[in-house]
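Hi everyone, thanks for coming. I'd like to walk you through a structure that is probably new to most of you, so let's put it up on the screen.

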Amino acid sequence: MSDVSKTTINLPKDLKKELKKIAIDEDTSLSGLIIKMIEEGMANRNKNDVVSGED
């Protein structure tokens, strides 16, 4: 497993409430949800880079 570092971010209250609801629905923590969303976004970004690089 890769090294983990702690990072603090400030979220608007409404966004934090919505993310907490999603985290509860997905049976995970808020930080777990945010990490999952970042990983999915990076995977999609990398996939798009590969597709666009095929030209």
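Let's start with one residue, Leu 33, which you'll find in helix α2, running over residues 30-52. Please keep in mind that this is a predicted model.

Is Leu 33 buried or exposed? Its relative accessibility is 2%, and because buried means under 20%, Leu 33 counts as buried.

So who are its neighbours? Leaving out residues up to four places away in sequence, Leu 33 touches Leu 19, Ile 22, Ala 23, Glu 26 and Thr 28. Take Ala 23 from that list: Ala 23 and Leu 33 are 10 residues apart along the chain, and their C-alpha atoms are separated by 5.8 Å.

Now let's look at helix α1, which covers residues 13-25. Helix α1 has 13 residues and reaches 19 Å from its first C-alpha to its last, close to the expected 18 Å. Just after α1 comes a detail worth pointing at: Asp 27 takes a positive phi of about 55 degrees.

Last stop, the largest pocket. Its volume is about 500 Å³. There are 16 residues lining this pocket, and those nearest its centre are Ser 5, Thr 7, Ser 31, Ile 34 and Ile 35. Which element gives the largest share of the lining? That is α2, with six residues, and α2 is also the helix where we met Leu 33. As for the character of the lining, eight residues are nonpolar, four are polar and four are charged.

That's my tour, and I'm happy to go back to any part of it.

Note on methods: Residues are numbered from 1 along each chain as its sequence is written. This is a predicted model: local features need pLDDT of at least 70, side-chain atom pairs count only at pLDDT 80 or more; totals for chains, interfaces and linings use all residues. Side-chain values use heavy atoms; hydrogens and water are left out. Helices (H or I, at least four residues) and strands (E, at least two) are DSSP runs, numbered from the N terminus. The expected span of a helix is 1.5 Å times one less than its number of residues. Buried means under 20% relative accessible area, exposed over 50%, partly exposed in between (1.4 Å probe, protein chains only). Contact means heavy atoms within 4.5 Å. On a 1 Å grid over the protein atoms alone, a cavity is a set of points where a 1.4 Å probe fits but cannot get out, and a pocket is an open set with protein on both sides within 12 Å along at least five of seven lines; lining residues have an atom within 4 Å of a point. Grid points are joined across faces, edges and corners, and a volume is the space filled by probe spheres set on the points. Ala, Val, Leu, Ile, Met, Phe, Trp, Tyr, Cys and Pro count as nonpolar, Asp, Glu, Lys and Arg as charged, and the others, Gly among them, as polar.
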